[in-house]
Amino acid sequence: AGPMQEEEAEEMEDSMVEGIEGSRSVTPLSTFMGSSAFTGVDHHWVRNQFATSSDLVQIWDHERSEPIHSFKWGNDTALSVRFNPAEHDVLASTGRDRTGGL
């Protein structure tokens, strides 16, 4: 292998994702499909759940392929979503139309 092929191989290895058991893999562990492109994501501080923002704010469970809750605040896209680290049942969202939701 020439120098260019070795560099390409090194770059390829750098772009690979390390799997759970230490093996290198480019296959995702899970895939979650929302109603539109996600603009934000945050993981719950305690539960095995995460929230996404897009045209909706959605709550997901790691074990399910569909959201367990969906919320719509305001008239436009939600730009961000965050779980409160102290009050675990509180979720905040900001919208493109300058709205906020709790």
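Here are four short exercises on this predicted model, each with a worked solution.

A word on ground rules: the model is predicted, so to speak, with local features needing pLDDT of at least 70 and side-chain atom pairs counting only at pLDDT 80 or more, while totals for chains, interfaces and linings use all residues. Residues are numbered from 1 along each chain as its sequence is written, and side-chain values use heavy atoms, with hydrogens and water left out.

**Exercise 1. Get the overall layout**

Work out how many helices and strands the protein has, and in what pattern they follow each other.

Solution.
- Step 1: Helices (H or I, at least four residues) and strands (E, at least two) are DSSP runs, numbered from the N terminus.
- Step 2: Counting these gives 1 helix and 9 strands.
- Step 3: Along the sequence the pattern reads α-β-β-β-β-β-β-β-β-β.
- Step 4: For burial, the cut-offs are under 20% relative accessible area for buried, over 50% for exposed and partly exposed in between (1.4 Å probe, protein chains only). Of the 102 residues in the protein, 23% are buried.

**Exercise 2. Lay out the open sheet**

Find the order of the strands in the four-stranded open sheet, and say which strands sit at its edges.

Solution.
- Step 1: Two strands pair if DSSP finds at least two bridges between them.
- Step 2: The order comes out as β3-β4-β5-β6, with antiparallel pairing.
- Step 3: β3 and β6 (69-71) each pair on one side only, which makes them the edge strands.
- Step 4: Look inside the sheet: 5 bridges join β4 to β5, and Phe-50 has Trp-60 in β5 as its bridge partner.
- Step 5: Now visit the edge strand β6, where you'll find Ser-70. Ser-70 has 42% relative accessibility, so it counts as partly exposed. Take contact as heavy atoms within 4.5 Å; beyond its neighbours within four places in sequence, Ser-70 touches Leu-56, Val-57 and Gln-58.

**Exercise 3. Follow the rings around Phe-32**

Describe how the ring of Phe-32 pairs with Phe-50 and with Trp-60.

Solution.
- Step 1: Rings of Phe, Tyr and Trp (its six-membered ring) pair if their centres lie within 6.5 Å; planes under 30 degrees apart count as stacked, over 60 as edge-to-face and the rest as tilted.
- Step 2: That rule yields 4 aromatic pairs.
- Step 3: Phe-32 and Phe-50 are 4.9 Å apart centre to centre with 75 degrees between the planes, an edge-to-face pair. Phe-32 is in the loop between β2 (24-25) and β3 (40-43) and Phe-50 is in strand β4 (residues 49-53), so this pair ties together parts 18 residues apart in sequence.
- Step 4: With Trp-60, the centres are 5.7 Å apart and the planes at 75 degrees, so that pair is edge-to-face too. Trp-60 belongs to strand β5 (residues 57-61), so here the parts tied together are 28 residues apart in sequence.
- Step 5: Check burial: Phe-32 and Phe-50 are both buried, and Trp-60 is buried at 0% relative accessibility.
- Step 6: Put together, ring pairs link Phe-32, Phe-38, Phe-50 and Trp-60 into a cluster.

**Exercise 4. Find the largest nonpolar core**

List the residues of the largest nonpolar core and name the strand that gives the most to it.

Solution.
- Step 1: A nonpolar core is a set of buried Ala, Val, Leu, Ile, Met, Phe, Trp, Tyr and Cys residues joined through side-chain atoms within 4.5 Å.
- Step 2: The largest has 7 residues, namely Ala-51, Val-57, Ile-59, Ala-78, Val-81, Phe-83 and Leu-91.
- Step 3: β5 and β7 (78-83) each supply at least two of them, and β7 gives the most, with 3 residues.
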